[in-house]
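Read this explanation with the structure open beside the text. It goes through aromatic rings and then strands.

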Amino acid sequence: MARARGVLVFSTLGLITLLSPRASARAQDPAPSGVLAGQVLSLPDTQAVEGALLTISLFSRAPDEPARAGVQSIQFRTDTEGRFSVPLTPGRYSVRVEAFGFEEGHWPDVQIHAEQTSEVSFLLDATPFRLHEIVVMPSTYGILGDPLVSGQILTREELETQPQLGNDIFRAVAQVPGVTTQDYTAMPYVRGGRPREVLTMLDGVELYEPYHMKMWDGSLSIVGVENVSDVDLTTGGFTVEHGDASTGVFSMRTATPGSDRTSTTVGLDFMSSILQSKGTFGAEKGAWMVSARRGFLDLVFEITGRNDEEDLHPSYYDVFSKVEYEIRPGHMVSAHLLHAGDNNHGIEEDSTVYVHRYGSSYGWMTWEADFRDNLSARSVLSLGRITRDRDGADYWEPADPPGLEVRDQADFDFLGLRQEWRYQHTDQVMLKFGFDTKWGQAAYDYLRWEKAWIPNSTNPAAPGW
């Protein structure tokens, strides 16, 4: 039985009339009544317990009268200060007190006297309560694919019906717990880490520059949502195969054409136009897909009048193609190409002219083989090139040569080979092994040229400056 203590303090009040809780023939003759009042408090801090449920049952009319069964009970709750007050006919009562997070208290003998108030404080012990269900969220979330486990939160249908800026799949990860994005950039911030600490992969190939509009912190991704079949976002607990990623792994897999007919789709949204064509060949053993996207933010700025305030001309494009062929049952080879480009030029209010050009090119070949039901392998050979070319000039006067000129060029070439093996020994035991080797070379070229005017103090025949 729960520990409970009660304190009774009696005082005389005016006459209060109340019918007995049990209906009887004598109910028409009013009898002197008393009042049960007090407060429900918690132990050990004696704080008020709001909303506690009190159940009061009458079991005898007089101290020497035996208890009676089947008597109707009265129930009510305490107020915000844990207090209660109820008029009762004289007699002996049992009181049961219940409150969420506390042990149930039972006081079997509380006496009510005529024309008196019986004040009592009910003290309840706090107790831990058992949860009916605990939901543990995983560290890996699937996007676009069919849900396989409870942790996957976004299917393709859900993503397509939700408004996304530029139809960008990178912005969909903002709905994953622990991930945030900003309005002007598609880069995800995973658990407070920087976007550079998130590994971005497409078919096992690392995308070093996966964003368009780099001069604006990567407003859009270079991978169109129409080219992706499923995405896995891992926010913690990823294995050594993902290299030195510190906060998350964003892994995408390209779509596979599933129709035996050639089809072409044209799409248009607020920021870009999309053209996609796909089909099959070789008795449906092979499939191909080509997709191109061109952004027209420069036209949007012209229409909206943005260029009246700032002379901005941003544009971007990307092209993706894929060809796959099943050379034998269980053996699939495929070739992929992804190229993206950005171009932005403008003139600022102080006559500073700038031109920015970015390029990202990736090519890779994949071989997926199922040797047995429990043994499979995947090999990926990739290469690519990342380019950056930025020019800027500051003119003192529009008709004069530039007084300051800056040129920044950078190239990055890379080559990689990745191989993975899976051996499923039992339903509970799987062995996974492989290697990932990469080669890269970067070149930088930076030039800054400035023209300065100095006074001529040596040649009187020459200009003063």
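In this predicted model, ring pairs join F76, F84, W107 and F122 into a cluster. One pair in the cluster is that of F76 and F84, whose ring centres are 6.1 Å apart with 45° between the planes. Planes under 30 degrees apart would count as stacked and planes over 60 as edge-to-face, so a pair between these limits is called tilted. The F76 and F84 pair is tilted.

Are these two residues buried or exposed? F76 has a relative accessible area of 17%, and because buried means under 20%, F76 is buried. F84 is buried as well, at 6% relative accessibility.

Another ring pair is formed by F281 and Y325. Their centres lie 6.0 Å apart and their planes are at 15°, so this pair is stacked. The two residues are 44 residues apart and belong to distant parts of the chain: F281 is in strand β21 (residues 272–281) and Y325 in strand β23 (residues 311–328). F281 is partly exposed at 34% relative accessibility, and Y325 is partly exposed at 30%. The model has 11 aromatic pairs in total.

Strands β21 and β23 belong to an open sheet of 9 strands, which runs in order from β20 to β28 with antiparallel pairing. At its edges are β20 (263–268) and β28 (430–450), each of which pairs on one side only. From one strand to the next, the twist averages 5°.

Strands of a sheet pair through backbone hydrogen bonds. Within this sheet, β24 (residues 331–347) and β25 (residues 352–372) pair in the antiparallel sense over 17 bridges. The bridge partner of H331 is A369 in β25.

How values were computed: Residues numbered from 1 in each chain as written. Predicted model: local features only at pLDDT ≥ 70, side-chain atom pairs only at ≥ 80, totals over all residues. Heavy atoms only, no water. Pairing = 2+ DSSP bridges. Helix = DSSP H or I, 4+ residues; strand = E, 2+ residues; numbered from the N terminus. Axes fitted to C-alpha atoms, helices over the stretch in contact; angles between N-to-C directions. Phe/Tyr/Trp six-rings, centres within 6.5 Å; stacked < 30°, edge-to-face > 60°. Buried < 20%, exposed > 50% of the residue type's maximum accessible area, 1.4 Å probe, protein only.
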